[in-house]
Amino acid sequence: PRRSLSASVLQGFQCIPASDLPAADILAFAQGLQNKTTELSGAQLSCLARLLAAKNLTADFGRYPPDLLLFFDLAEVRRGTCGAFYARASRGNLDLLPRGSARRTRLLRGALACLGVRSSRLRPEQLGSLGALVCDMEPETVTASDPGVLENLKLCPELTGAQQDALNAVLLRGGTVYGHPSGWDLRTLQSLGPLVLALNQTTLSLVAEAAREAFGRSIASAYGSQGRSQREKSLTLLRAFAAAAASSHPRLKRSTDSCPSVPITASTVSDPLLLIIYDTSEQFDLCLSKEVLKANLEPLLKQPLTTEYLRVMKKKLAQIYPSGIPEKQLKLFGPLSRQYTAEEISLWPVTSSDTLSALLNPSDGKWGARQVQQLLSRYLTLGGNLTGPLLQKIGGRNLCDLQEEQLQQISPEAIGTAGQLNISSCSQTKKDQLYKKAQEAFAGQAGATRVYYCRIWPYLGGAPAKDLKDLAKTGVAIDMDVDTFLALNPEELQKLSVVDVKNLLGENLPYLKEAENETSVMRWVKRQSQRDLDCTLGIGLQGGMEEPGPAGTATPPRPAASASITPRATAPVPTTLSTPIAINSLPTANASAGPHRAPTPSAISPTPPHSTPPRAYTAAPGAAGSPPATSTARPAPTTGSTAPYSIHQTATSNNVTL
C-alpha cells in the first residue's frame, strides 16, 4: 500500500523507498512547508530533498522553503538562475548545516562565484543576494563592505568573537542607518534586533542611560511569555546592560544594612519591572528579606534573574535552611538549581521522580556535566529508579555522562519506553551496555524485522557484528541510512562482508559512495575484494584487494562505476574564484564531510532507456511513543507591536515563531 506523506512519516530517520509515495503527495507536502510552522530537522529535510529529486520535482525551486534548498545539489545549479537560487537559499536556517561543514562552505563559494564577487568589499546588490551566507565570511569583509552588511548579520544564528568586534567597529564609525551610538534611543535599540546581543561595553557605554533603561524594561516585561532560547538571550542582554549601568554609577556603599529604597514585599515579587526597580544585586540583597524569599520563592524565580541575583537568593536560602534544602523547595528551584556545585548537589534530598523531573526541566537552563552526573547519582543512591519518561528528560547526552555502574542500574523496561535516545556521545563501552539493554527490551519484536529495526536503531552503535549480520540475513529490507551505518562500532563494522553491507543499506547503498573517505569506510574497503566491491555493490568504491590474474599478475583495476546514473543536462556553476575570498571556518579536506547527495534545482533530463536512477528515501515513522525529532528551525520575525522588542530576525517563512 502506498503511504501518504505527512509530518508523522517524517518523524525519525529510517528511510523507505520513494516508490512508496505518490509524487503528488510529495510535492504538496514540500510546498505546504511554506505556510506552516513545521518542525523538520536537517536529516528530515535531506530525506525530503532526495525524495523530490527521485520524482524529478526540483526544477521550480521557488516553490519550496529556503531551508529545503540548503540540501539541493549545488553542482547542478544553472548559471542563468543561480542568482535567484542562492538569494532564496540564503534565507534558510544555516544552523541546519554545521559551521565549517563541506556543504555549508560550498554554498557560500557557489554564491560568490555566481554573483561574480572578486574582493572582500560587498556591494549592496551582492549583500541582498547573499543573505545569511555572509555569516560565514571573515570579519575583514564585514568592516570593508557596504554598511548594509548589518542587515545580513541580523540573520546569523551566531557570530564569532571576531565578527562581533567587526560589527561594533562598523557601528562606532557612525555611517550606518542607525547613526552613532551616542544618538540611539529606544526605537533604535529595538530596530537593531539581534545585533544588540553583539554590542560590547564600549558601544553600550555610549548609549544614553534613559534609552538603556527603557530597553531593559521592554525586555523584562516580555520575559514571562518567552520560550527557553529567547529567555537565555534576554538574560544575556540584561547582564550586558547591567554591566554598562554599573560602569556609569558608583558602587553602592554598604555602610548600612537597611534597604535604600522600598523593601520587596509579597505584592511586588511578581512585578515585571522588579529588576529595573532594584537594578543592582546589592540593592536586591538589602531589600529582599529572608521571610519574603521563603514564602515567595516560586514567583521570584519566574523573574528574569541574572546570575548575580540568583547568587543572592542562594546565599539567603543557606541561611534559611542551615541543615539543608528541603525536597519540597528543591522542586521549585528552576534556574536557581544551576548555581549549585556538584559537591552541594551531593547533599540534596532528591528521593522522588517528580523532584528529579522538575530539576531536569530544560527551560531552566543547561546543566554542567559534573552537576547532572551528581544529580542523577544522588537520586540513584537514595533508591530512585530511572524510568522511561525520566530517561527522555535526561536525554542521551546526559545519560552518557553517567558511570558504567550507574548505567547498569537502568532496566531494559525503561529503555523500552524511553523513545529514541541519541547516545552518539557515549563511550564505546557505554554504547555496548545500552545496546544489550535495548536488545532485551525489544526482543519480543525481533520476529518483525522492520518494526524491530525501528526500535533498536538508536542503539546499534553498540551492536556486535554477529547481530548486524543477523539483521542483514533476515531477507527483509531495513534500508539502514548511511549516518546509522557510520555510527556502528568501527571494529565490528570491519567484520561485515560486502553482501552484509549491501543487505543492510538496501536502497540507501548509493549514498555509501559519498562516505568513502570516512575512516571506518576506508578501512573496510581495504579488507574487501575489489571484484566483490565492483560486482556486488557497483557504486564505484575503489581501494579493495586485487585478486591475482591467470598468470599470477594483479588484475588491472576496473573503471569506477558511477554513483549517479541520471545525466546532467547543464554545466555546473564554477566553484572556484579568480580572486580568493575570505571564508570563515573552512573545514578540513574531507570529501565526505557534507550531507548526502541532494537534488538538482535545475531541470532534470529524462532518464535514458535501460537505466535505473537511485531511489530516494524519506523518514519513516519512529516507534510509537518516540519523541519527535528536535527542530533546529529558527523563529520567524516578530511583526507589528506584539512585543516591545525582537531578538530573532529571519526571512525564513516556515519556521516556528516563539
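Asp-479 sits in the loop between α28 (465–472) and α29. This is a predicted model, and in it Asp-479 has a positive phi of about 50° although it is not a glycine. Why is that worth a second look? Most residues other than glycine have a negative phi. Is Asp-479 buried or exposed? With a relative accessible area of 2%, Asp-479 is under the 20% cut-off, so it counts as buried.

Just past this loop comes helix α29 (residues 482–486), and Asp-483 has its place there. Asp-483 has 47% relative accessibility, so it counts as partly exposed. What lies across from it in space? One answer is Leu-512: the C-alpha atoms of Asp-483 and Leu-512 are separated by 9.5 Å, while their positions lie 29 residues apart along the chain.

## Helices that cross

Now let us go back to α28, on the other side of the loop. Which helix does α28 pack with, and at what angle? Its partner is helix α31 (residues 498–505): the angle is about 60° and the axes are 8 Å apart. The two helices are therefore oblique to each other, and α28 passes α31 in a left-handed crossing.

Look for the residues that make this contact. From α28 come Leu-468, Lys-469, Leu-471 and Ala-472, and they meet Asp-500, Asn-503 and Leu-504 in α31. Sorted by class, the contact of α28 with α31 has 4 nonpolar, 1 polar and 2 charged residues.

Another pair to find is helix α4 (residues 82–89) with helix α5 (residues 102–115), whose axes come within 9 Å and cross at roughly 140°. That angle makes α4 oblique to α5. The crossing of α4 and α5 is left-handed. On the α4 side you will find Cys-82, Gly-83 and Tyr-86, and these meet Leu-107, Gly-110, Ala-111 and Cys-114 in α5. In the contact of α4 with α5 there are 5 nonpolar residues, 2 polar ones and no charged ones.

Towards the start of the numbering, helix α1 (residues 23–32) and helix α2 (residues 42–54) have axes that come within 10 Å and cross at roughly 135°. This makes α1 oblique to α2, and their crossing is left-handed. Ile-26, Phe-29 and Ala-30 of α1 make the contact with Leu-48, Leu-51 and Leu-52 of α2. What classes do these residues fall into? The contact of α1 with α2 divides into 6 nonpolar, no polar and no charged residues.

Here are the three pairs side by side.

| Helix pair | Axes | Angle |
|---|---|---|
| α28 and α31 | 8 Å apart | about 60° |
| α4 and α5 | within 9 Å | roughly 140° |
| α1 and α2 | within 10 Å | roughly 135° |

## The nonpolar cores

Which residues touch the most other members of the largest nonpolar core? They are Met-313 and Leu-460, in a core of 91 residues. Helix α18 (residues 307–320) gives the largest share of this core, 6 residues. Leu-460 is a good residue to click on: leaving out residues up to four places away in sequence, Leu-460 touches Tyr-435, Tyr-453, Leu-468, Leu-471, Met-480, Thr-484 and Leu-488. Two of these names, Leu-468 and Leu-471, may look familiar, as they also meet α31 from α28.

A second, separate core has 72 residues, and among them are Leu-48, Phe-71, Val-196 and Phe-241. Leu-48 is also part of the contact that α2 makes with α1.

## Two more residues to visit

Where is Leu-332 found? It is in the loop between α19 (327–330) and α20 (342–345). A relative accessible area of 28% makes Leu-332 partly exposed. Setting aside its neighbours within four places in sequence, Leu-332 is in contact with Leu-297, Glu-298 and Leu-301. Leu-332 and Pro-299 are 33 residues apart in sequence, yet 9.5 Å apart in space, C-alpha to C-alpha.

Ala-222 belongs to helix α12 (residues 209–222). At 8% relative accessibility, Ala-222 counts as buried. Ala-222 and Pro-304 are 82 residues apart in sequence, and their C-alpha atoms are 9.8 Å apart in space.

## The whole chain

Finally, zoom out. The chain holds 33 helices and 2 strands. Of its 658 residues, 48% are buried. Among contacts with a separation of 6 or more, 70% join residues 24 or more positions apart.

Note on methods:
Residues numbered from 1 in each chain as written. Predicted model: local features only at pLDDT ≥ 70, side-chain atom pairs only at ≥ 80, totals over all residues. Heavy atoms only, no water. Core = buried A, V, L, I, M, F, W, Y, C linked by side-chain atoms within 4.5 Å. Buried < 20%, exposed > 50% of the residue type's maximum accessible area, 1.4 Å probe, protein only. Helix = DSSP H or I, 4+ residues; strand = E, 2+ residues; numbered from the N terminus. Contact = heavy atoms within 4.5 Å. Axes fitted to C-alpha atoms, helices over the stretch in contact; angles between N-to-C directions. Parallel < 35°, antiparallel > 145°, perpendicular 65-115°, else oblique. Left-handed = near helix turned anticlockwise from the far one by under 90°. Nonpolar A, V, L, I, M, F, W, Y, C, P; charged D, E, K, R; others polar.
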